[in-house]
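Student: I've got a model open and I'd like to learn how to read it feature by feature. Can you walk me through it?

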Amino acid sequence: MARMKFYCDAERCIECNACVTACKNENEVPWGVNRRRVVTINDGVPGERSLSVACMHCSDAPCATVCPVDCFYTTDDGVVLHDKDICIGCGYCFYACPFGAPQFPEDGAFASRGKMDKCTFCAGGPEEDNSADEYQKYGSNRLAEGKLPLCAEMCSTKSLLAGDANVVADIFRKRVVKRGASVLNKGVSYQNASLRASSVGKDK
Amino acid sequence: MIADFIDGPFWYFSLTVFTIGIIWKLVTIVFGKRKADLSVARGSGISGAIKTIFSRFKADKGMTPHIRLQVVAGYMFHLGLFALLFFAAPHVLFLEENFFSFEGMSFSWTPMPHWAFIIASEFAFLGLLMLWLHRVLNPVSRLISTADDHIASILTFVVMLTGCLALLESFNELRLLHRFSVELFLIYFPFSRLMHAFTFIPSRAFTGAWFGRRGISS
Amino acid sequence: MSNRFMSKHSQKFTCQIYFFLYLIFFLCLLSPLNVSASGPAASKINNPSNDLWISVRHNTESGKVTSQVKSVDSTVLINPQADRWTRFRMTQLINYGLFILSVVAVVIMLFYLFRGRIKLEEGLSGIMVHRFTDYERILHWMLAIVFIFLAGTGLILLFGRPLLIPVLGHEFFSVLASASKEGHNLFGPIFFVSLLLMLFRFVRRNIYAKGDLTWLLKGGGLIGKSHVTGGFFNMGEKTWYWIVILTGLAISVSGLVLVLPNFGQGRVIMELSHVVHGIAAIILVSVSFGHIYLATKGTEGTLESMKTGYVDIKWAEEHHDRWAKECHDNDRLISAEDYAKLQGRVVLDQNVSASPLMEETK
């Protein structure tokens, strides 16, 4: 069976936030909830990096480990999902997730967060596939239609990859080989992408 | 099935008992036969009645040092309860849907923010617990308290507690538990001391009118 | 080369041996074992991205980290404390917490089985002394009721998954857990307020004084039959008071941090608060087992102090001799007849008849 993973290629991400917008639109994500976010380090400085982060669909998901009502489950494809009917909105999954994937719709005064919502790898939830109930609670179920998550499909530079881990890893491996040692120069990969003399020593 | 019963027939039954019970009790009080006051009126009964309704909100000066806990906890409880009953968002919605909507139009008002709702309920719980504990622990109060007094306090507490447990507004079982306790409360209401919520007005008015007619400020 | 001591043949042989030894020596010098690990003599190339990603991994990135998403912690790519906290809660807090609570409960049960109820040596006399006012008793029971509720709901949330889900199933347990979570969060601040009221009311009587160390060294009279001295509160009660106040304050403050996330606290603060909250709660609940036992089944004549506010003078003399002496000196003793009247029981001739709502305090 495939093991679904995301990979965001930090060398290619241009912080366009198309993935964020695509996710919010496709899944009708409520106000204040951000299933996917783009984080930029050293914005505006050479060597700036951006990463698109949502849920990492961990093999040993800490959110699933810590949930007091055990509402998480992992599908055969390795996608980590949860059951909103069981969720009590305690927020522990948010504390346990190193990536901050769980989100809550309400502002939380007196810990009234509402039910947890997070990236589902566009795989819906425990309700029947592609039913109205499922869409209303969890967003679209593209995986059941044989499609990949919309964030990766919409990525303008194909930095965000989603799919079977082996396939994704292979794509990235090819990229790394092609980029070669140029990354070692100032940490910016496409600056000296080829060994042609014209591009060498340009920005030293 | 139980859900349909609680949301349906039992709700209407409890509402009917509540409404008819209150009207009946108030009618018997207000229109009951009273001893005629044959003395010459020295002051206005009506102004005395109205003044007394409001003046009794402040505790008697001589009593205050002895009943400080009852006054403080009493106001905490009643004000908190009033605020959360009529201004908590789920209640505003409930009242609008069940009492104030007709043929597609409805009347509603702005609820208070969620944090204010919680704080109001905390005041209400604090006040109610302190008052009931005082009733149980003070030997005089304990002696003069009847079963009605205890049941009223505990039933009110149960209504508030079930409401608190259902705060997430997600699980039907908890909502039904709260609604069921409310219905029991409504049925119990007209036959108990809880009627003080309505009878305090004619009670104070009568005392105020009686003394006002004799020219005494009470 | 010429040598008086060796024949020409031997000398040649020796030279050959030396030659081979030197050859082997030079070959050894050339061996890869001797070659240093540093590569080409040119400068070492360091991957400049290394530092960036290491600081991201440990969340020590000090440069500008931004995101268009403006929620709490949205610029934190990796929170390294998250895993530590998860492991703390699931392995240490749950396991050690359950262990501690069970051990304390079992020890108390064993103590009761072996020692039995600690009765008064001379028995109850019927002569009473006033100990706690109405307000003090109201405060105590207020705090006790709220504490029991909070402890119950908290323990359901902590131990529910390993202990209750196998019994109740997921759906029913999540209803119970949701009710527990909402109740726990709402009653928390009420506990805080009650705790502060208790703190101010009882603090003066709980300052450690002379005689407390003696009490401690004698084991508080729990072991053996030696007499221990005590003031209004003995050392054990004072210690319980301070445990309640200190752990209670820790629980309350950390609880308030947890229950008001709308002030923008990051996850690390929340995780720390949760750790404090959990540990303090386990301590408080386990010591409360001891308090509840001693105050009810453990010693004769104690529960009355909190129920009626009056205690038997014999109980006072045995457990709080210094305070009992004060009561004697200030003539605060109340005869059995007067006490019955105070409790609203009418005394007819020699019999004491109870009013229908009162239970006998014998």
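Student: Let's start with sheets. In what order do the strands of the open sheet in chain C run, and is the pairing parallel or antiparallel?

Tutor: One thing first: this is a predicted model. To read a sheet, list which strand pairs with which. Here 3 strands of chain C form an open sheet in the order β3-β2-β4, with antiparallel pairing. The edges are β3 (310–312) and β4 (333–334) of chain C; each has a single partner strand, so one side of each is left without a neighbour in the sheet.

Student: How many bridges hold β2 and β3 of chain C together?

Tutor: Strand β2 (residues 128–130) of chain C pairs with β3(C) over 3 bridges, in the antiparallel sense. To get the register, pick a facing pair: C:M128 is opposite C:D312 in β3(C).

Student: And the other edge? Which residues does C:I334 touch?

Tutor: C:I334 belongs to strand β4 of chain C. Leaving out residues up to four places away in sequence, C:I334 touches C:I127, C:M128, C:V129 and C:Y339.

Student: Why does C:I334 count as partly exposed?

Tutor: Burial is read from a neighbour count. C:I334 has 18 C-beta neighbours inside 10 Å, so it counts as partly exposed, because a buried residue needs 20 or more. For a sense of distance, take C:A151: C:I334 is 183 residues from C:A151 in sequence, and 38 Å separates them in space, C-alpha to C-alpha.

Student: Now chain A. Which strands are joined to β2(A) by bridges?

Tutor: Here's the general idea on strands: in a regular strand the side chains alternate between the two faces of the sheet. Now the case at hand. Strand β2 (residues 37–41) of chain A is joined by 5 bridges to strand β3 (residues 49–53) of chain A, and the two run antiparallel. There's also a pairing across chains: 3 bridges join β2(A) to strand β1 (residues 65–67) of chain C, again antiparallel.

Student: What stands opposite A:T40 in β3(A), and what in β1(C)?

Tutor: In β3(A), A:T40 faces A:S50; in β1(C), A:T40 faces C:T66. Two further pairs help you check the register: A:R37 has A:V53 as its bridge partner in β3(A), and A:I41 has C:V65 in β1(C).

Student: How many residues of β2(A) and β3(A) are buried?

Tutor: β2(A) is mostly covered, with 4 of its 5 residues buried. β3(A) is mostly covered too, with 4 of its 5 residues buried.

Student: Let's take interfaces. How many residues of chain C are in contact with chain A?

Tutor: The size of an interface is often given as the accessible area lost when the parts come together. Here we can use residue counts: 49 residues of chain C are in contact with 38 residues of chain A. On the chain C side, α5(C) gives the most, with 8 residues. By class, that side has 21 nonpolar, 18 polar and 10 charged residues.

Student: And which element of chain B gives the largest share to the side that touches chain C?

Tutor: Between these chains, 23 residues of chain B are in contact with 21 residues of chain C. The largest share of the chain B side comes from α6(B), with 10 residues. That side divides into 16 nonpolar, 4 polar and 3 charged residues.

Student: Where is the kink in α5(C)?

Tutor: For helices, compare the end-to-end reach with the expected span. Helix α5 (residues 170–202) of chain C has 33 residues and reaches 44 Å from its first C-alpha to its last, close to the 48 Å expected. A kink of about 30 degrees lies at C:F187, shortly before the proline C:P189.

Student: Last topic, cores. Which residues have the most contacts inside the largest nonpolar core?

Tutor: That core has 109 residues, and those with the most contacts inside it are A:C93, A:A96, A:L160 and B:A124. The element giving the most to this core is α6(B), with 14 residues. Apart from this core lies another, of 10 residues, including C:W315 and C:Y339.

Student: What does B:A124 touch?

Tutor: Not counting residues up to four places away in sequence, B:A124 touches B:F77, B:G80, B:L81, B:L84 and B:M160.

Methods: Residues numbered from 1 in each chain as written. Chains lettered and ligands numbered in written order. Predicted model: local features only at pLDDT ≥ 70, side-chain atom pairs only at ≥ 80, totals over all residues. Contact = placed C-beta atoms within 7 Å. Nonpolar A, V, L, I, M, F, W, Y, C, P; charged D, E, K, R; others polar. Buried ≥ 20, exposed ≤ 12 C-beta atoms within 10 Å, placed from the backbone. Pairing = 2+ DSSP bridges. Core = buried A, V, L, I, M, F, W, Y, C linked by C-beta atoms within 7 Å. Expected span 1.5 Å × (residues − 1). Bend = angle between axes of the 7 residues up to and from the residue.
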